[in-house]
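Thank you all for coming. I would like to use these few minutes to walk through one model together, so please keep the sequence and the structure open while I talk.

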Amino acid sequence: MSRIKLATIWLDGCSGCHMSLLDIDEAILAVAEKADIVYGPLVDAQAFPEGVDVTLVEGAVSSREDLNNVRMVRARSRIVVALGDCAVTGNVPAMRNSIPAAKLLHRIYVEGSQTNARVPNQGVPPLLPQARPVHDFIKVDYHLPGCPPKPALILGLLTELLNGRAATLPVVKFG
Ligand code: SF4
């Protein structure tokens, strides 16, 4: 069996889901026997490659940059996993959703600033009107809830997928 190409990506999240992935501890060695991590904050890859087998997506889709990234992930990945409650439901990033984005930015960068009070237009990707779960924008193959998901659940999912098996509950498969 050829080695699996595994990627991870971090949208609007706190990195806690990636920390939980690292918390599988020495089991990461078993993952490394089956898979090459080809993209993500855990490796020094410059670009998301074509032909990825499994991608774990942390975080909600909150900005135009997130949207471009998640669409690229879908186009280049055979299996996409929404990793954690922010990716699955919007969770913490979605707490802003009742406030119009322009009003929110003004409150933070203008009303809340002592100096240089202006909404930045460089270096900050434009916000979408709301922070939304990943499946609102692309087809998601597996949803792994939790804030963050327990390491044992992440390992269980990876073990199934890296061995070419469809995962079963408690991971929820849509479609
Ligand atoms: S689900 Fe929880 S741990 Fe994961 S990115 Fe969101 S807030 Fe952080």
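I will begin with the ligand and its pocket, then turn to the backbone around them, and finish with the cavity.

Please bear in mind throughout that what you have in front of you is a predicted model.

Let me start with the ligand: which residues surround it? The shell consists of Gly-13, Cys-14, Gly-16, Cys-17, Glu-58, Gly-84, Asp-85, Cys-86, Asn-91, Gly-146, Cys-147 and Pro-148. The elements that give two or more residues to this shell are helix 1, covering 16-22, and helix 4, covering 85-89. Sorted by class, the shell has five nonpolar, five polar and two charged residues.

Where does the ligand sit? It sits in the largest pocket, which holds about 160 Å³ of space. That pocket is lined by 14 residues, and those lying nearest its centre are Gly-13, Cys-14, Cys-86, Asn-91 and Cys-147. By class, the lining of the pocket has seven nonpolar, five polar and two charged residues.

Several cysteines have come up by now, and you may want to know how many disulfides there are. A disulfide is a covalent bond between the sulfur atoms of two cysteines. Here the count comes to zero. As for how accessible two of these cysteines are, Cys-14 counts as exposed because its relative accessibility is 64%, which is over the 50% cut-off. Cys-147 is exposed as well, since its relative accessible area is 56%.

Now for the backbone, where a general remark is useful. Most residues other than glycine have a negative phi, and most peptide bonds are trans. Against that background, Cys-147 and Pro-148 are joined by a cis peptide bond, with omega at about -5°. Pro-148 belongs to the loop between strand 7 and helix 6, and Pro-149 is found in the loop between strand 7 (142-144) and helix 6 (151-162). Is Pro-149 buried or exposed? Pro-149 counts as buried, because its relative accessibility is 1%. If you measure out from there to Ala-117, the two residues are 32 apart in sequence and 38 Å apart in space, C-alpha to C-alpha.

There are also positive phi values to look at. Ser-15, although it is not a glycine, has a positive phi of about 85°; this serine is in the loop between strand 1 (4-10) and helix 1, and it is buried, with a relative accessible area of 16%. Asn-91, which we met in the shell around the ligand, has a phi near 45°, again a positive value in a residue other than glycine. Its place is in the loop between helix 4 and helix 5 (101-111), and with a relative accessible area of 26% Asn-91 is partly exposed.

Let me finish with the enclosed space. A search of the whole structure finds one cavity of 30 Å³ or more, and about 30 Å³ of space lies in the largest cavity. Its lining is made up of Leu-6, Leu-21, Ile-28, Val-31, Ile-37, Leu-42 and Leu-158, which divide into seven nonpolar, no polar and no charged residues. How far is Leu-6 from Gly-51, which is 45 residues apart from it along the chain? Their C-alpha atoms are separated by 9.9 Å. Gly-51 itself lies in the loop between strand 2 (35-39) and strand 3 (52-58), and is partly exposed at a relative accessible area of 46%.

Conventions: Residues numbered from 1 in each chain as written. Predicted model: local features only at pLDDT ≥ 70, side-chain atom pairs only at ≥ 80, totals over all residues. Heavy atoms only, no water. 1 Å grid on protein atoms, 1.4 Å probe; cavity = no way out; pocket = protein on both sides within 12 Å on 5 of 7 lines; lining within 4 Å. Points joined across faces, edges and corners; volume = space filled by probe spheres on them. Nonpolar A, V, L, I, M, F, W, Y, C, P; charged D, E, K, R; others polar. Near = heavy atom within 4 Å. Sits in = over half its atoms within 2 Å of the grid points. Helix = DSSP H or I, 4+ residues; strand = E, 2+ residues; numbered from the N terminus. Disulfide = S-S within 2.5 Å. Buried < 20%, exposed > 50% of the residue type's maximum accessible area, 1.4 Å probe, protein only.
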